Amino acid sequence: MSETQETLNLYEGFKLMRDHAPVTQLEADGPWQVARHADVHAILRDHATFSSAVSVRPPEERGAPSMLFSDPPIHNRLRKLVSVAFKPSQIQRQEQQIRARCKEFLDAIPLHTEVDLVQALAAPLPVMVIAEMLGVEDGDMAAFKAWSDEIFSNIGEILFGTPSAASEQAAAEMNAYFLQQINDIRANPKDHLLGQSVATETEDGMLDDEELLSFCRLLPIAGNETTTGLITASARIFQEQPQTFAQLKQQPELSASFVEEALRFYSPFSATVRRTTHAVEIAGQSIAAGELVVPLLASANRDERVFDEPDKFKLDRSPNPHLGLGFGIHVCLGAHLARLEGKIVAEQMAERYSSVTLANPQTATVGELGGPKVLPVVVA
Ligand code: HEM
């Protein structure tokens, strides 16, 4: 199937669902898929009815709860303790370093030659940014990336089934590595995010080792592939919308609104999951207690009930109430960072290239969590 067909099918499928079956089970006993913006928004706002504690594995097997898969009061405590390190002023401190890293990666990409953009930029940039936040040394970067890839690719089984031996092994190695780091930090305090998280104390106390480890595992899962997806989506938009690319070259100050529209148009975090705490009705559909519900963020973001000409990429779209970074108490904690990385990549690519061409559009699948694993491009 060609790239265009695949993309059309995905978004046409979402449109059919929004128009004819806005709350539906694609398989008998499967999760309920929710396609319209208003319903997705309502679910994300109502954490009392739609729980994030979705895992079916017994608590003793799960380890400390991660913020993403927990409800208040556990969620409040975890989020509050690490939020300090994600404030815009803290993220701003990373800007020069992210710019320098991005420039290094782009300097290494030859012109007029086919290169895999995922390997060359879209995967390593977010990994390095998060690794620096967690104090991972350059020499440990490959292991860090391998662990987080293994855990990410197994996330469904980790939550709902039996995780593979390889992902259990990756989690165990990652835990051992970060436990050592945490002990070192306690002896020699550090200023990076993990250092701040170890030291932060509020009226809720401090994070214990298990909670810190759960956070170290969550960050690469939440922040790596998603940001990779934003970068590959940007490249795809540059090819599909040469006029947008040209406009960005002329007006780099539009790169922030480019990122917002890219998050809407090709949402890298295409869907999330919740479990109903009691029987509920969504858009006239009754759903029993304990059912899984999948808010389709990528579909909500193309809803014609909210967005004018939703299948058009509009650089100046305003307002742009997309749900690409979530909404409610679980709204993306790394949102400032994700936006900053997306903006730097868009600015630097527009500044140095006159065109970005996908060499093999078939591989450019969209709509999957995180986007394509390989994206051959030719830049000129
Ligand atoms: C373009 C890149 C990104 C996208 C599209 C994205 C999207 C999202 C979305 C949709 C959620 C909410 C999920 C839900 O409600 O179930 C979320 C949560 C989260 N994100 Fe991001 N994210 C991105 C980058 C990042 C980065 C770079 C980090 C950190 C370094 C990060 C850390 C988190 C964390 C910790 C949560 C859980 C927050 C909570 O449960 O309170 N994300 N993200």
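Visitor: In which loop is Pro-73 found?

Guide: In this predicted model, the peptide bond from Pro-72 to Pro-73 is cis, with omega near 5°. Most peptide bonds are trans, and that is a reason to look at where this one sits. Following the chain, one finds Pro-73 in the loop between α3 (59-62) and α4 (74-83).

Visitor: What is the omega of the peptide bond from Ser-318 to Pro-319?

Guide: Pro-319 has its place in the loop between α16 and α17. The peptide bond that leads from Ser-318 to Pro-319 is cis, and its omega is near -5°.

Visitor: Which protein donor does the iron atom of the ligand have?

Guide: The loop between α16 (297-300) and α17 (335-352) is also where Cys-332 is found. The SG atom of this residue lies at 2.3 Å from the iron atom of the ligand, and since a donor must be within 2.8 Å of the metal, that distance qualifies. The only protein donor of the iron is therefore Cys-332 (SG).

Visitor: Is Arg-302 buried or exposed?

Guide: Arg-302 lies in the loop between α16 and α17, and, leaving aside its neighbours within four places in sequence, it is in contact with residues including Tyr-11, Arg-18, Phe-265 and Asp-311. The relative accessible area of Arg-302 is 4%, and a residue under 20% counts as buried. Because 4% falls under that cut-off, Arg-302 is buried.

Visitor: Is His-112 buried or exposed?

Guide: His-112 lies in the loop between α6 (95-107) and β4 (115-116), and it has a positive phi of about 55° although it is not a glycine. Its relative accessibility is 63%, and because the cut-off for this class is over 50%, His-112 counts as exposed.

Visitor: What is the relative accessible area of Ala-283?

Guide: Ala-283 has its place in the loop between β6 (280-282) and β7 (285-287), and its phi is positive, at about 45°, although it is not a glycine. Most residues other than glycine have a negative phi. Ala-283 is partly exposed, and its relative accessible area is 46%.

Visitor: What is the radius of gyration of the protein?

Guide: The protein has 17 helices and 10 strands. For 380 residues the globule rule gives 21 Å, and the value for the protein is close to this, so the protein is as compact as a globular protein of that length; its radius of gyration is 21 Å.

Technical notes: Residues are numbered from 1 along each chain as its sequence is written. This is a predicted model: local features need pLDDT of at least 70, side-chain atom pairs count only at pLDDT 80 or more; totals for chains, interfaces and linings use all residues. Side-chain values use heavy atoms; hydrogens and water are left out. Helices (H or I, at least four residues) and strands (E, at least two) are DSSP runs, numbered from the N terminus. The radius of gyration is taken over C-alpha atoms; the globule rule is 2.2 Å times the number of residues to the power 0.38. Donors are N, O and S atoms within 2.8 Å of the metal (3.2 Å for Na, K and Ca); water is not among the atoms, so sites may look incomplete. Buried means under 20% relative accessible area, exposed over 50%, partly exposed in between (1.4 Å probe, protein chains only). Contact means heavy atoms within 4.5 Å.
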